[in-house]
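Hi,

Here is the structure I said I'd pass on to you. Have a look at it first, and then read my notes below.

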Amino acid sequence: QLQACGGGLVQTWGSLRLSCAASGRPVRTLVMGWFRQAPGKEREFVAAIRSNPSYADSAKGRFTISRDNAKNTMYLQMNDLKSEDTAIYYCAAGTGIILSSVRNGEAYSYWGQGTLVTVSS
């Protein structure tokens with residue numbers, strides 16, 4: 001089970017940190033990722049972490065994905081937020097996901113409930 005939180009309203013160029021707490025399985029044994037869905041748009045990949053992180057081009061240099069094995073939690077630190085980052089952010093997890101598939105939401109077995117991020121100008 002995944003529980004995402006940390007969303008909210010932030011001004012342009014502000015920062016937020018999303019958290020995704022996992023239960024039932026250690027996060028170190030999972031491939032974990034963040035996806036987002038903006039109003040009227042399809043879900044898109046944001047970032048994932050296996051042994052190393054992967055990022056969408058839109059997230060590179062601004063977002064950092066990490067995990068704390070002791071807290072069994074994954075994070076997404078988001079800096080320099082823009083209006084186009086406004087979306088519902090979902091955390092996801094799975095096992096046996098190869099590197100070439102981490103951007104594919106269909107590869108993940110477990111999903112959190114989503115947390116809303118709104119960036120206002």
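Let's start with a pair of charged side chains: arginine 36 and glutamate 44 meet in a salt bridge, at 2.6 Å from N to O. Keep in mind that this is a predicted model. Arginine 36 has a relative accessibility of 5%, so it counts as buried, whereas glutamate 44 is partly exposed, with a relative accessible area of 34%. If you're wondering about the background, side chains of opposite charge can pair when their charged atoms come close.

How many salt bridges does the structure hold? There are five. Another one is between arginine 62 and aspartate 85, where the closest N and O atoms are 2.7 Å apart. Arginine 62 sits in the loop between strand S6 (53-55) and S7, and aspartate 85 in the loop between S8 and S9, so this pair ties together parts that are 23 residues apart in sequence. Arginine 62 counts as buried at 10% relative accessibility, and aspartate 85 counts as buried at 0%. Now go back to the pair we began with: salt bridges that share partners join Arg36, Glu44, Arg62 and Asp85 into one network.

Then there's the salt bridge between glutamate 106 and arginine 43, at 3.7 Å from N to O. Glutamate 106 is in the loop between strand S9 (87-94) and strand S10 (110-111), and arginine 43 is in the loop between strand S4 (31-37) and strand S5 (44-49), so the two tie together parts that are 63 residues apart in sequence. Here glutamate 106 is exposed, with a relative accessible area of 65%, and arginine 43 is partly exposed at 37%.

On to the strands. Four of them make an open sheet in the order S1-S3-S8-S7, with antiparallel pairing. Strand S1 (2-5) and strand S7 (63-68) are the edges, each pairing on one side only. From one strand to the next, the twist averages 15°.

At one edge, S1 pairs with strand S3 (residues 16-22) over four bridges, and glutamine 3 stands opposite alanine 21. Which side chains of S1 are buried? Leu2 and Ala4 are, and they point to one face; Gln3 and Cys5 point to the other face and are not buried.

At the other edge, six bridges join S7 to strand S8 (residues 73-78). One pair to look for there is phenylalanine 63 with its bridge partner in S8, methionine 78.

Cheers

Conventions:
Residues are numbered from 1 along each chain as its sequence is written. This is a predicted model: local features need pLDDT of at least 70, side-chain atom pairs count only at pLDDT 80 or more; totals for chains, interfaces and linings use all residues. Side-chain values use heavy atoms; hydrogens and water are left out. Two strands pair if DSSP finds at least two bridges between them. Axes are lines fitted to C-alpha atoms, for helices over the stretch in contact, and angles run from 0 to 180 degrees between N-to-C directions. Buried means under 20% relative accessible area, exposed over 50%, partly exposed in between (1.4 Å probe, protein chains only). A salt bridge is a side-chain nitrogen of Lys or Arg within 4 Å of a carboxyl oxygen of Asp or Glu.
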